[in-house]
Amino acid sequence: MTTPGDPGSMALWLRQIRAVIALEWQRYMFGRRAIPQYLLALMPVAGFIASYSVSVIRSQPLETSEAMTIFSWSFNLLTLRFVVTFGCIAVFTNLFRAEIAGKSLHYYFLVPIRREVLTVGKYLAGLISAMVLFSLSTVVSYLLLFASTGGEAMSRWFTQGNGVPHLLAYVGITLLGCLGYGAVFLGCGVFFKNPVIPAVLFYGLEWANFMLPVLLKKFSVVHYLNSLMPVPVTQGAFFAVIAEPTPAWIAIIGILLFTVLVLAGTALVVRRMEIKYTTE
């Protein structure tokens, strides 16, 4: 029999996590639960397809500097604050809550697997699907917008300018957003019988982050994500509270630590969870 500290138990947990991921991730990539994700991921792509079509029809390519500013604002307001956030709400609040509503969670609890391992496996399954769809949405949107600058300008931007570093930065921010928001909304789905209300409240605080005092900004996910933006979005509203961006390495480590802490707390709750479908 293995104990938690044994190398054998760690190998077993890793195999179990892979098994849970293999079973779960297809639900969030190819099942009915994936529909909201696909619709959300297509929103910025559809917008930039329209933008590209207009530039071609009018034969008026965008300036590279214009495209940089447009994408920065679009990514911040649409992709990050709407697509990624609501996509994570749709995926992660349902990792356990949908199983409870469908009265199927007990099948997992009857399997000889630690509930902490189950929590990590389900989280990673949802995370893979969210990361794949939303990072692809970011890449396609970015390429479509800079295609609107014309073939020659786009080529210069990617070969001689900051096209590739900026694209990698936006994809990295998308992935970190999925990490942080995924952990938060997984917690909402486990801690609350109706996760919609706390999820919407959290979303409202994230959206209103620019108005929060500097100290409170430090307790939000979006503040650290904004600190990583390659083209910063100016907060010019007269009621905005300006805060200095957090250094990139602190922002990245902060989101990772936050994710681990929230995931650990959620796993502890799942460990003590009792299935009482009649009270749900």
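**Trp249 and its patch**

I looked up Trp249 and found it exposed, at 58% relative accessibility. My cut-offs: buried is under 20% relative accessible area, exposed is over 50%, and partly exposed is in between, with a 1.4 Å probe and protein chains only. The model is predicted; local features need pLDDT of at least 70, side-chain atom pairs count only at pLDDT 80 or more, and totals for chains, interfaces and linings use all residues. Residues are numbered from 1 along each chain as its sequence is written, and side-chain values use heavy atoms, with hydrogens and water left out.

Trp249 sits in helix H12, residues 248-271. I take helices as DSSP runs of H or I with at least four residues, and strands as runs of E with at least two, numbered from the N terminus. Trp249 joins Ile250, Ile253 and Leu257 in a nonpolar surface patch. Together they have about 420 Å² of accessible area, from the Shrake-Rupley method with a 1.4 Å probe, where for residues only the protein chains shown count as cover. Patch members have over 30% relative accessible area and no salt bridge; like charges are joined within 9 Å, and nonpolar side chains (Val, Leu, Ile, Met, Phe, Trp, Tyr) within 5 Å.

I also checked Gly254, found in helix H12. Gly254 is partly exposed, at 27% relative accessibility. Its C-alpha lies 9.9 Å from that of Phe219, and the two are 35 residues apart in sequence.

**Core**

How many residues does the largest nonpolar core have? I read 67. Phe92, Phe134, Tyr181 and Phe185 have the most contacts inside it. Helix H8 (residues 163-191) gives the most to this core, with 14 residues. A nonpolar core here is a set of buried Ala, Val, Leu, Ile, Met, Phe, Trp, Tyr and Cys residues joined through side-chain atoms within 4.5 Å.

I listed the contacts of Phe134, leaving out neighbours within four places in sequence. They are Gln37, Leu40, Ala41, Val83, Val84, Gly87, Thr174 and Cys178. Contact means heavy atoms within 4.5 Å.

Next I opened Ser141, in helix H6 (residues 115-147). Ser141 is buried, with a relative accessible area of 1%. Residues up to four places away not counted, Ser141 touches Pro44, Val45, Phe48 and Phe71.

**Thr93 and helix H4**

Thr93 lies in the loop between helix H3 (64-92) and helix H4 (94-101). Is Thr93 buried or exposed? Thr93 is buried, because its relative accessible area is 6%. A polar atom of its side chain lies 2.4 Å from the backbone oxygen of Ile89. Beyond neighbours within four places in sequence, I find Thr93 in contact with Cys88, Phe185, Cys188, Gly189 and Pro195.

I then moved along to H4. Of its 8 residues 6 are buried, so H4 is largely enclosed by the rest of the structure. The buried ones are Leu95, Phe96, Arg97, Ala98, Glu99 and Ile100. Just after H4, Lys103 takes a positive phi of about 55°.

**Salt bridges**

I find 7 salt bridges in the structure. The criterion is a side-chain nitrogen of Lys or Arg within 4 Å of a carboxyl oxygen of Asp or Glu.

Arg27 pairs with Glu24, with the closest N and O atoms 3.6 Å apart. Both lie in helix H1 (residues 7-30), 3 residues apart, which is about one turn of the helix. Arg27 is partly exposed, with a relative accessible area of 29%. Glu24, in contrast, is buried at 0%. I followed the pair outward: Glu24, Arg27, Glu99 and Lys122 are linked in a network of salt bridges. Glu99 is also one of the buried residues of H4.

Arg114 and Glu116 meet at 3.5 Å, N to O. Arg114 is partly exposed at 34%, and Glu116 is buried at 18%.

The side chains of Arg156 and Glu152 form another salt bridge, at 3.1 Å, N to O. Why are these two about one helical turn apart? Because they are 4 residues apart in helix H7 (residues 151-159). An α-helix has 3.6 residues a turn, so residues three or four places apart point the same way. Arg156 is partly exposed at 40% relative accessibility. Glu152 is exposed, with a relative accessible area of 60%.

Notes
Polar contact = N/O pair within 3.5 Å; in protein donor to acceptor, adjacent residues only side chain to side chain.
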